[in-house]
Amino acid sequence: MTPERYHRIRQMLALRQPDLAVCLEKVHKPHNVAAMMRNCDAVGAHHLHVIWNTRHEIRSGTSVGSQNWLKLHTHHTTQSAIDTFKRQKMQILVTHLSDSAVDFRQIDYCRPTAILFGQEKYGATEEARQAADQHIVIPMQGMVQSLNVSVAGALILYEAQRQRQQAGLYKVPRLDEQECQRILFEGGYPRLKTLCRIKGLDYPQIDEQGQISAPQSWWQRMRENHASSMKVN
Ligand code: SAM
C-alpha cells in the first residue's frame, strides 16, 4: 500500500473507540445492518456485535466498505452478547420505550458502553430488556412511535461521539496495536488477506511505511502454487 494510504488508515485507527460497542439484536434488513456499520465507522465505534439465530451474511450494500474497518462479532444468542459486555464491564443500554427509560442524552457515554438496538418490527427482546442497565429512548413527538433503527443508531452514536470528544477520548489512540495491525493488513492488502486465509498463514507485520515485513519463508508460502494470483496490492 502507498505511504499515503497507510497514514490515512493510521489516522482512522487513532480515533477508534474500543470501549464503545453497538449490538444489533436480530436486525435483519441488510440495508439497516449496512447503515449501522457506516454509523459505527463514522464515530469510531470499533466493535459491532450482531445477534442472529439463523445464518445471515453481511453484504456490503450501503455500508460502502465500512465493514472492512470494524471488528464484527457474531452471536447466536442474546445471552452470548450480554455475557461479552458484562465480561468487558460495559454498561448495557437497551433502546426500548419503557416506564424506566430515560432520554438518551442523559447517559454518560464516556463509560465503557454497549448500545443494543432491536429488531425492525418487534424491537428488543424481553431477554435484552431484562439484561439492560438502562433503557434509553429518543423522544418522539409526532404521530409515529419509532424511528428507523439506523437513524436511531446515528442519533445516539453522535451523542456518544460529542461527549467523548469533549472528554478528550479521541485525543489519544486507544485501539491495541494487534488490532491495528489486523486492520492495516486486511485493509491495505485485501488480496493477500484472502491468500492468507486459503493457505492458513498468519498475517505479517506492517511497518511504518505501510510495507509488509515478513520472513522469506512467509513469502515463499505465499508464492507456492499461486504465482498467477501474486499481484501485491
Ligand atoms: N415496535 C418496535 C418496538 O416497540 O420496539 C419498534 C422497533 S424500531 C422500528 C427498531 C429499533 O430502532 C428499536 O428496537 C430501537 O433499537 C430503535 N429505535 C427506533 N426508534 C427509537 C426511539 N425513539 N428511541 C430509541 N430507540 C429507537
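Reader: Which elements each supply at least two residues of the shell around the ligand?

Author: In this predicted model, they are β7 (134-137) and α5 (149-166).

Reader: How many residues surround the ligand, and which are the closest?

Author: The ligand is surrounded by 17 residues. Thr95, Gly118, Glu120, Ile138 and Leu147 are the closest.

Reader: What makes the pair formed by the ligand and threonine 95 a polar contact?

Author: A polar contact needs a pair of N or O atoms within 3.5 Å. An oxygen atom of the ligand is 2.5 Å from an N or O atom in the side chain of threonine 95, so the pair counts as a polar contact.

Reader: What about glycine 118 and leucine 147?

Author: Here the partner is a polar backbone atom. For glycine 118, such an atom is 3.0 Å from an oxygen atom of the ligand. For leucine 147, the distance is 2.9 Å, and the ligand atom is a nitrogen. Both pairs are within 3.5 Å, so they are polar contacts too. On its own the ligand has 570 Å² of accessible area, and the protein covers 80% of that.

Reader: Where does the ligand sit?

Author: The ligand sits in the largest pocket. That wording applies because more than half of the ligand's atoms lie within 2 Å of the pocket's grid points.

Reader: How much space lies in the largest pocket, and what lines it?

Author: The largest pocket holds about 560 Å³ of space. Its lining has 22 residues, and those closest to its centre are Thr95, Gly123, Gln145, Ser146 and Leu147. At least two lining residues come from each of β7 and α5. α5 gives the most, with 3 residues.

Reader: Why is Gly118 called polar in a count by class?

Author: Gly118 is a glycine, and Gly is placed among the polar residues, so Gly118 is counted there.

Reader: What are the counts by class for the shell and for the lining?

Author: The shell around the ligand has 10 nonpolar, 5 polar and 2 charged residues. For the lining of the largest pocket, the counts are 12 nonpolar, 7 polar and 3 charged.

Key:
Residues numbered from 1 in each chain as written. Predicted model: local features only at pLDDT ≥ 70, side-chain atom pairs only at ≥ 80, totals over all residues. Heavy atoms only, no water. Near = heavy atom within 4 Å. Polar contact = N/O pair within 3.5 Å; in protein donor to acceptor, adjacent residues only side chain to side chain. Areas by Shrake-Rupley, 256 points an atom, 1.4 Å probe, with all protein chains shown as cover. 1 Å grid on protein atoms, 1.4 Å probe; cavity = no way out; pocket = protein on both sides within 12 Å on 5 of 7 lines; lining within 4 Å. Helix = DSSP H or I, 4+ residues; strand = E, 2+ residues; numbered from the N terminus. Points joined across faces, edges and corners; volume = space filled by probe spheres on them.
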